[in-house]
Amino acid sequence: MAAIIKKEAIILAIDVGKNSLQPDSDGKSFFEKAKFCASMILKRKIFAESKDYLSLILFGSSRTNNHLSSSGCCYHNIEIVTSLGVVTWDLIKHINSLSSTDITPSDWLNTLVLAADMLKKENEDKIFKDLQIVMFSNLETDISFDKIDIIASCIKRQNINLTIIGKDFDDISLNPKLETFVLKSEATAVNFGTVLPKLSHYKQKEVTPRAWNIPLSFGNAFNIRVSGYKKIDETAKSFKWLLCKNYDTEDSVTAMKKHTTYFYVENGEQIEVDRENIIDGFRFGDTIIPVSNLDTDAYSYKSGPRCLQVLGFTKAKNIQRSFLMDGGSYIFKPHKEDIIAFRVIFNAMVEREELMIIRKVYSNNSLPTIGAIFPQREDAENYFVCVNLPYAEDEHLFKLLSLKSFKPNYEENNAVRNLIDAMDLDKDGNELFVPENTHDPELQYVFDCITQKAINPNKLLTKTIPEHIQSLLNSPKRIMVKTKQPIYEIIKVFSLQQEIYEKRSVEDNNILQFDCDEEEVDCSKQFVITAFSPIEDFNKHLENGLNPVIVCDNMKHITLDLIESSTSMEDLEKPASNLKVLREFYINNNDVKSYNTLMYLVKDSVLLSGKEGMWSQFIDSGIGLITNQEIEISDISQELSEQFMKHEVLQDVTAEFIIDDDDPLKEFL
């Protein structure tokens, strides 16, 4: 028996005759809508990397090109543009360039006979999993219905799925003969209003979920065989189209060959070395220590064979939602022979409100992960959901300022509550932005740009975002209507007042002030300080005569941003250098107060971003407060400066968790 090819055979039949020019309810013709839908079907097939075979037939055409036309006059004005084959960009270009004709009538019924005959002949040599005919027509033609029952029976007998796009079943039911034909052939009839929203977005390649078969082991006691499936995963942002080839001529594709040569320098000469004689190494001071493959294998971490091992159970309340991490999750279903054992464990976890803590190794010697397994029941089916938990180094602690000083009154509480209710995405059990029905705007825009370049390679990309992609970025209308009044209440209750700074001349020698007009402020916005070379930019702007107040403010902002984005002491060297320059500038201009105020902001930025351990080393680099021992006008004493250099150590967060003595979680926490 021949193997079944997992691909479909699809024939697109488009009415290009005079009847297709009739306007739809929105004023657009059936012909223009049919072109768009057919083009989108082909584009979606290309981006989904589909292996399906497609063919294009035009009826009502000014040309006659089909294998049944010689048998009589019934099959005139029907043109087979392409036989069944893979989708190409050339076929999409051909559809986009189609124009209607003045041929009438457009014989859609004989076109169905021709399409069914094509599928029958093609299926003799190739076995397809599905046969489809997609016809774009408003069926507004006077044709003979003498053999309509035979044609419907033939389509049904060949297991051909017929879809008629142009009229829905309610419109077709007005004609009893058409209604009978649709019912007997079990065809699907839809109008463009239903199809267009579904075809306006591109599809990614469909991936068949592969089971990860693994025993769920409970120590040496027993195992439960389960199959794991990836439930949620992030959308891939990369594409496999790394090389575009042009097959216009035989010599248009040139294979690129890479060759790497290794040298070492001795007495000023480069001496070539064979790749086989090269080993890895690392530098320890001035000494280079070689590392062979044997050393790498001996000292590398080995997690052991793949496994799904239960470490213990804990109360569900001990695992907060903030602990759950990683870009995806797994669901585990039991093997058919282990359903009873699976159900017993499942029911016990539900009854005791507990979950499992597991160790997962996906493949031999891959990095292990610790996860939590939750019991889940959906549609009368029991399964486990597994989500990764963080290690100690994955947890970032932030010491946030207290909000106890702000106590909202009833009116403020009510305003926020109304806004939350108005922005609720759930309505009558139907939630907006369901993942399987929500398209990624970024991905859709990338696909659209690729399509533009594939069809018109020498044309610039359009700057406007297509309407169907722009709609993904807009908030739902009902949400906008519901939130209009609550937002007005928020603005009214939480009113913001803009602080107005008065212009003052340099009178107080303890505060650096400069007069500046609005034109100078607007102009100075163009002269920013970059993170790449902040000190050079700072000095350049001062030399160019820009307002020192604005230049210093820009330097402060970039310094605080660098501190917040830093992860090591090396990253803090650049903001420390910035602060040294600012310190010297403020001392020279007798503006001690501005610098000391800035340093309190710097300390908050360092400590609140979880870098307490770096504070002492950071402040020792000569950027401390300006004391009255350096400048008499300073109000900071040496004792206050030393106190400023100290910091509080965060308390251990594990003390916040109260764990019972008999809780299994206590053994491995």
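**Exercise 1. Backbone of two asparagines**

Is N365 buried, partly exposed or exposed? Establish this for the predicted model, then describe the setting and the phi angle of N365 and of N590.

*Solution.*
Step 1. The relative accessible area of N365 is 42%. Buried means under 20% and exposed means over 50%, so N365 is classed as partly exposed.
Step 2. As to its setting, N365 belongs to the loop that runs between β15 (354–361) and β16 (369–378).
Step 3. The phi angle of N365 is near 60°, which is a positive value in a residue other than glycine. Most residues other than glycine have a negative phi.
Step 4. For N590, phi is near 55°, again a positive value in a residue other than glycine. N590 is found in the loop between α17 (573–588) and α18 (592–608), and with a relative accessible area of 36% N590 is partly exposed.

**Exercise 2. Packing of α2 against α11**

Determine how helix α2 and helix α11 are oriented to each other, and characterise the residues of their contact.

*Solution.*
Step 1. Helix α2 comprises residues 89–96 and helix α11 comprises residues 441–455. Their axes are 10 Å apart, and the packing angle is about 85°.
Step 2. Angles of 65 to 115 degrees count as roughly perpendicular; α2 and α11 are therefore roughly perpendicular to each other.
Step 3. On the α2 side the contact involves W89, I92, K93 and N96, which meet T451, A454 and I455 of α11.
Step 4. Sorted by class, the residues of this contact are four nonpolar, two polar and one charged.
Step 5. W89 also takes part in a cluster, in which ring pairs link it with F47, Y202 and F447.

**Exercise 3. Aromatic pairs**

Classify the ring pairs W212–F332 and F218–F222, and state the burial of each residue.

*Solution.*
Step 1. The whole structure contains 22 aromatic pairs.
Step 2. In the pair of W212 and F332, the ring centres are 6.2 Å apart and the planes make an angle of 55°, which gives a tilted pair.
Step 3. W212 lies in strand β7 (residues 212–218) and F332 in strand β14 (residues 325–334), so that the pair links distant parts of the chain, 120 residues apart.
Step 4. Both partners are buried: the relative accessible area is 5% for W212 and 1% for F332.
Step 5. For F218 and F222, the ring centres are 4.7 Å apart with the planes at 15°. Planes under 30 degrees apart count as stacked, so this pair is stacked.
Step 6. F218 is buried, at 12% relative accessible area, whereas F222 is partly exposed, at 39%.
Step 7. A ring may also carry a charge over its face: K603 lies over the face of F644, at 5.1 Å from the ring centre.

**Exercise 4. From one residue to the whole chain**

Describe the surroundings of N123, then summarise the chain.

*Solution.*
Step 1. N123 is a residue of helix α3 (residues 108–125). Its relative accessible area of 28% makes N123 partly exposed.
Step 2. Leaving aside residues up to four places away in sequence, N123 touches F128 and L131.
Step 3. N123 and A9 are 114 residues apart along the chain, yet their C-alpha atoms are separated by 8.6 Å.
Step 4. The chain has 20 helices and 19 strands, and 36% of its 669 residues are buried.
Step 5. Of the contacts between residues at least 6 apart in sequence, 72% join residues at least 24 apart.

Methods
Residues numbered from 1 in each chain as written. Predicted model: local features only at pLDDT ≥ 70, side-chain atom pairs only at ≥ 80, totals over all residues. Heavy atoms only, no water. Axes fitted to C-alpha atoms, helices over the stretch in contact; angles between N-to-C directions. Helix = DSSP H or I, 4+ residues; strand = E, 2+ residues; numbered from the N terminus. Parallel < 35°, antiparallel > 145°, perpendicular 65-115°, else oblique. Contact = heavy atoms within 4.5 Å. Nonpolar A, V, L, I, M, F, W, Y, C, P; charged D, E, K, R; others polar. Phe/Tyr/Trp six-rings, centres within 6.5 Å; stacked < 30°, edge-to-face > 60°. Buried < 20%, exposed > 50% of the residue type's maximum accessible area, 1.4 Å probe, protein only. Lys NZ or Arg CZ within 6 Å of the ring centre and 35° of its normal.
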